[in-house]
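Work through the exercises below with the sequence and the 3D structure at hand, and try each task before you read its solution.

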Amino acid sequence: MTPVELSRTVLHAVRRAVDAGELRVAVPERAVVTVPGPGGCGDYATNIALQLARPSGQTPRRVAEILMPRLADAEGIGEVVVTGPGFINISLRGGAPAALVGEILRRGVRYGRADEGSAGGARLRCPREVRALVVADAAARLLRAQGATVRIVCDGRPEDAWGAVLGVPADVEAYDGTRGPGGPVRDAVVRPVPAPADPVPLGRDAGRWALLYPAAHDRPRIDGEHLVQREGNPLFRVRYAHARTRALVRNAADLGFASEAGDVAGAPGSRELLAVLADHPRVLGAAARDRAPDRLARHLVAVADAVLPYLPAVLPRGGEKPSAAHRARLALAEAAGTVLAGGLSLLGIDAPDHL
């Protein structure tokens with residue numbers, strides 16, 4: 001069972017409790033499922049009981065107790081334990097980490113994205129300003145990844161260099177004063193703090209990152225620091241982490257083995273890495289909903305910071321022969337690289353295999 005499937009299982013348990021009259025709440029659209037935090041146990045945890053406590057008029061612990069038997073009866077779930085004020089910890093049958101890694105490798109860069117045409121229509125309106133247009137373009141990519149159809153309208157014609165260098169789409173329309181379509185966004189205005197300088201000299205990748213990484217209310221920094229190849233540059237860390245995962249796949253091939261999703265228990269840093277990978281679909285959904293590509297950018301930095309300490313444990317050392325553990329560790333590293341590449345593509349930034 002993957003995190004997405006488990007999220008649906010949690011929502012199904014809530015619906016059953018509502019239908020039985022044990023909970024009187026509106027069933028939420030999504031249940032957040034993550035790797036358990038400190039004090040937790042099992043493969044995954046959800047805070048759905050804390051989320052429903054106030055609207056139901058019950059304590060989080062009582063809500064969790066209502067949901068426990070319904071979750072325990074679900075196919076693929078081995079054990080359900082409540083910890084803390086009401087966190088529901090779930091152990092799966094068959095190895096949850098392997099299922100997560102397998103799903104990422106199967107879906108590739110589409111991991112975390114929704115089906116096309118499943119989220120209605122959207123129209124993004126922005127002023128004629130370079131950062132606004134780049135943010136609108138990234139927000140449109142995120143919304144399309146969640147199944148929306150999106151148009152971008154601008155208060156003036158973009159400069160040619162914004163398209164040629166920064167990748168602002170050529171089909172941006174002139175705003176005609178009419179209302180946009182219905183759906184999750186209606187005439188959403190994208191108006192971040194303007195860029196204080198021209199980002200075009202930075203080139204496409206560094207220029208877009210400089211405009212997208214800060215939150216919309218923050219003033220972006222437009223300087224050569226985005227181009228330097230050192231750990232203090234977040235863009236470099238993300239792209240370097242991706243390139244390292246690709247290098248490991250090539251090195252493993254030279255040693256005669258390939259990745260295979262499996263048990264990574266005991267590998268240093270694997271738990272932290274699995275947590276951020278499992279959270280990727282939620283981040284994509286929230287970034288699209290709030291038209292906030294900076295959330296995705298910061299998430300990619302978190303993935304990079306989790307995968308880099310993990311990588312030294314992937315390949316055999318010395319005279320050690322490749323084993324099932326090495327194949328499983330390689331699969332987790334490859335999955336992390338896939339998430340980094342997919343996330344960068346949604347920001348309109350290249351993810352090179354060599355850096």
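Two exercises with worked solutions follow.

This is a predicted model, in which local features need pLDDT of at least 70 and side-chain atom pairs count only at pLDDT 80 or more, while totals for chains, interfaces and linings use all residues. Residues are numbered from 1 along each chain as its sequence is written, and side-chain values use heavy atoms, with hydrogens and water left out.

**Exercise 1.** Find out whether His 242 is buried or exposed, and describe its surroundings.

Solution. Begin with the position: His 242 is part of helix α8, residues 234-254 (helices, H or I, have at least four residues and strands, E, at least two; both are DSSP runs numbered from the N terminus). Next, His 242 counts as buried because its relative accessibility is 3%, where buried means under 20% relative accessible area, exposed over 50% and partly exposed in between, with a 1.4 Å probe and protein chains only. Finally, a polar atom of the His 242 side chain lies 3.1 Å from the backbone oxygen of Pro 352.

**Exercise 2.** Work out in which order the four strands of the open sheet are arranged.

Solution. The order is β7-β6-β5-β8, with parallel pairing (two strands pair if DSSP finds at least two bridges between them). The edge strands, each pairing on one side only, are β7 (173-174) and β8 (188-189). Strand β5, residues 121-126, is joined to β8 by two bridges in the parallel sense, and Arg 125 has Val 189 in β8 as its bridge partner.

Terms used: A polar contact is a pair of N or O atoms within 3.5 Å; within protein, one must be able to donate a hydrogen and the other to accept it, and residues adjacent in sequence count only if both atoms are side-chain atoms.
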